[in-house]
Every structure is written in structure tokens, then in C-alpha cells.
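Here is a friendly briefing to read alongside the structure. Have the viewer open as you go through the bullet points.

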Amino acid sequence: MAATLMRSLVKKRLFVGLAEVVEHTCSITSLMLGETLPSITKDMDTYTYRLPIGVCAGIAPFNFPAMIPLWMFPMGMVCGNSYLLKPSERVPGCAMLLAKLLQDAGAPDGTLNIIHGQHDAVNFICDHPAIKAISFVGSNQAGEYIYEKGSKNGKRVQSNMGAKNHGVVMPDANKENTLNQLVGAAFGAAGQRCMALSTAVLVGEARNWLPELVERAKGLRVNAVPLHIGVNVPIPVPLPMFSFTGSRGSFRGDTNFYGKQGIQFYTQIKTVTSQWKAEDATLKSPAVTMPTMGR
């Protein structure tokens, strides 16, 4: 299903740059592998495998109304969960279009559900006992609220919030490239992204570049600005096989978005220990002790 959705995204030429997470979910057969330790003792094996956790929910922001939902529901669904997505009330259309693409790709009814609204919709997600995990991207105030309320109700929560990103410019940096990248990283998407470079620290001779930086910022044309996936990378958004991590106050939770950690967030581990004795039992009384090595 993930592969069909990816082809649908690309075929319609709508979200070509956003299909990477969906493409990554096509590796689910390797991402969901468990572990096996045969013959841990005589006639005994142990193995683990990953199970879905149930109904999961995503609460998406306004600034990237297609990309961030694609961080959420493809990973959650490919792990075997059904999904409830709440898009931003400011830009709900992208989520509806994504849901239509998924429906066209053959997803059964009810596997992805869309809920619209503001505070009441958020509280519903945080309170409903059937929802086991919440994925959130957005403002600090909302993220802290959702983390506290969802966690209090026993849910897993991953909450990506605002951040303060610093760029350190050393004097041996390429001047022209650095100035262009600083302006793009600071003002791209009108600064409305958690990865925006809000502070530049100019070291040594690089401090003399400040007037030129101001002039380039003044001359910036309002237009589409490409994202740039950080050493010498102004907006280091990772590829989907690596998790999108947050530091300190910019993230609440234990497990990050997509990548291997995304699989961990949307699954639970089950461990099975099995014993198959090669010989018949000789004791005529039941044993109540734990099995021990060599017994």
C-alpha cells in the first residue's frame, strides 16, 4: 500500500519532494525485523517481534500542511495501526487531498481518518482511551499542553515544537555562499519553521560581513525558497531513514519522528520464550520454579 501511495503521489506530480518518507516506509519488511536467539539453553529459544499499538493520532501544523502529515500517518499505518489525523484548521485541504490519494491507492475505509477543529479536537485526541499514541508538530504552548495531557492519560507522545537554531560562521568560510545561505535559512518560509536559523554568530573577521548580510536580507525577493537538508547546511532536515531529532526544550517525548525511532514509536515489542524438550518428562510432580540454564 505504501508503494502504491508513493506512485500515486509522484504520478500526480503534487508532492514529489515529499514522497521520501512514504518511499522509506516501503522498507517496512526490513524495518520491522525482530531478533532471535536460538538455543539460549537446552531445548529453549527466545525471539522478539514488533506489534502495532492500535489507534494512533497526528496533530499537524499550518506551515507544512503536506510534508508533516507525511511524517506521521504513513509510518504509523505501515506498522499496522489505524490513524486519526488532525490537520491545522488554517489549511485542511492538503490533508484531505492526501487522504484521497491514499483512498485511491486502495487503503480500506477507516484506516486513515481525518478530524477537523481546534481545541475540542485536540482534547478529544488527548482524552480518548482508544488512542494509544500522539504525534505532534507545532508551537511550544500547544506542544507542552498535548504532551502533558496525553502522557497523563497513558499515551505515547512525541512533540516537536519551536526551536532556537544558531549558525556559527568561521572566518575561513566561503563568504558569498555563507551570506546567501544565512539569508535563505533565516527567512525561508517567512521564518515559520522550527528549523529556521534565527541566530548567526560571526567569528573573527567574519564579523565584518554583517553590513553585507543586512543588505542581502533587504534585497530578498519574496518567493519560494528551497529547503536545505548541520555542518555547512543551513536547514539540516534529515532524510527519512534518519530520525528528525529535537534538543532540550524543542522536543518532548522519548522517541523521535520517522527513521528507526519512528518504527519504535508506532510499535511494541513482544518477546516469546519457547521450550521444546527432546525427551519425555521424568518428574511426576509439577515444577513451579523458573527454567534455569541446562535444565
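**Around threonine 178**

Leaving aside neighbours within four places in sequence, threonine 178 is in contact with Val169, Ala173 and Trp209. The residue sits in helix α8, which spans residues 175-187. Please keep in mind that this is a predicted model.

**Overall picture**

- The protein contains 10 helices and 11 strands.
- Of its 295 residues, 38% are buried.
- About 16,900 Å² of the protein is exposed, and carbon and sulfur atoms supply 56% of that area.

**Buried residues and their contacts**

- Is threonine 178 buried or exposed? With 15% relative accessibility, threonine 178 counts as buried, because the cut-off for buried is under 20%.
- Cysteine 79 is placed in the loop that runs between α4 (67-78) and β4 (82-86).
- Cysteine 79 is also buried, with a relative accessible area of 3%.
- Which residues does cysteine 79 touch, not counting those up to four places away in sequence? They are Ile28, Met32, Pro52, Ile263, Tyr266 and Thr267.
- One of these partners, proline 52, is 27 residues from cysteine 79 along the chain, and the C-alpha atoms of the two are separated by 5.8 Å.
- Threonine 48 belongs to strand β2 (residues 44-52), and its relative accessibility of 17% makes it buried.
- Not counting residues up to four places away in sequence, threonine 48 touches Gly34 and Glu35, along with Ile269, Lys270 and Thr271.

**Helix packing**

- Helix α6 (residues 119-127) packs with helix α7 (residues 140-152) at an angle of about 35 degrees, and their axes are 8 Å apart.
- On the α6 side, the contact is made by Val122, Asn123, Cys126 and Asp127; on the α7 side, Tyr145, Ile146, Lys149 and Gly150 take part.
- Sorted by class, the contact of α6 with α7 has 4 nonpolar, 2 polar and 2 charged residues.

**A nonpolar surface patch**

- Val168, Met170 and Val201 make a nonpolar surface patch of about 250 Å².
- Valine 201, one of the patch residues, is found in strand β9 (residues 197-202).
- Valine 201 has a relative accessible area of 36% and is therefore partly exposed.

**Salt bridges**

- How many salt bridges does the structure hold? There are 7 salt bridges, and the bullets below take up some of them.
- Side chains of opposite charge can pair when their charged atoms come close.
- Lysine 100 and aspartate 104 meet through their side chains in a salt bridge of 2.8 Å, N to O.
- Lysine 100 and aspartate 104 are separated by about one helical turn, because they are 4 residues apart in helix α5 (residues 93-104).
- Lysine 100 is partly exposed at 41% relative accessibility, and aspartate 104 is partly exposed at 44%.
- Aspartate 43 and lysine 42 also form a side-chain salt bridge, at 3.2 Å, N to O.
- Aspartate 43 has a relative accessible area of 24% and is partly exposed, while lysine 42 counts as partly exposed at 42% relative accessibility.
- Glutamate 215 forms a salt bridge with lysine 218, with the closest N and O atoms 3.9 Å apart.
- Why are glutamate 215 and lysine 218 separated by about one helical turn? The reason is that they are 3 residues apart in helix α9 (residues 210-218).
- Lysine 218 counts as exposed, at 63% relative accessibility.

Conventions
Residues numbered from 1 in each chain as written. Predicted model: local features only at pLDDT ≥ 70, side-chain atom pairs only at ≥ 80, totals over all residues. Heavy atoms only, no water. Axes fitted to C-alpha atoms, helices over the stretch in contact; angles between N-to-C directions. Helix = DSSP H or I, 4+ residues; strand = E, 2+ residues; numbered from the N terminus. Contact = heavy atoms within 4.5 Å. Nonpolar A, V, L, I, M, F, W, Y, C, P; charged D, E, K, R; others polar. Patch = residues over 30% accessible without salt bridge, like charges linked within 9 Å, V, L, I, M, F, W, Y side chains within 5 Å. Areas by Shrake-Rupley, 256 points an atom, 1.4 Å probe, with all protein chains shown as cover. Salt bridge = Lys/Arg side-chain N within 4 Å of Asp/Glu carboxyl O. Buried < 20%, exposed > 50% of the residue type's maximum accessible area, 1.4 Å probe, protein only.
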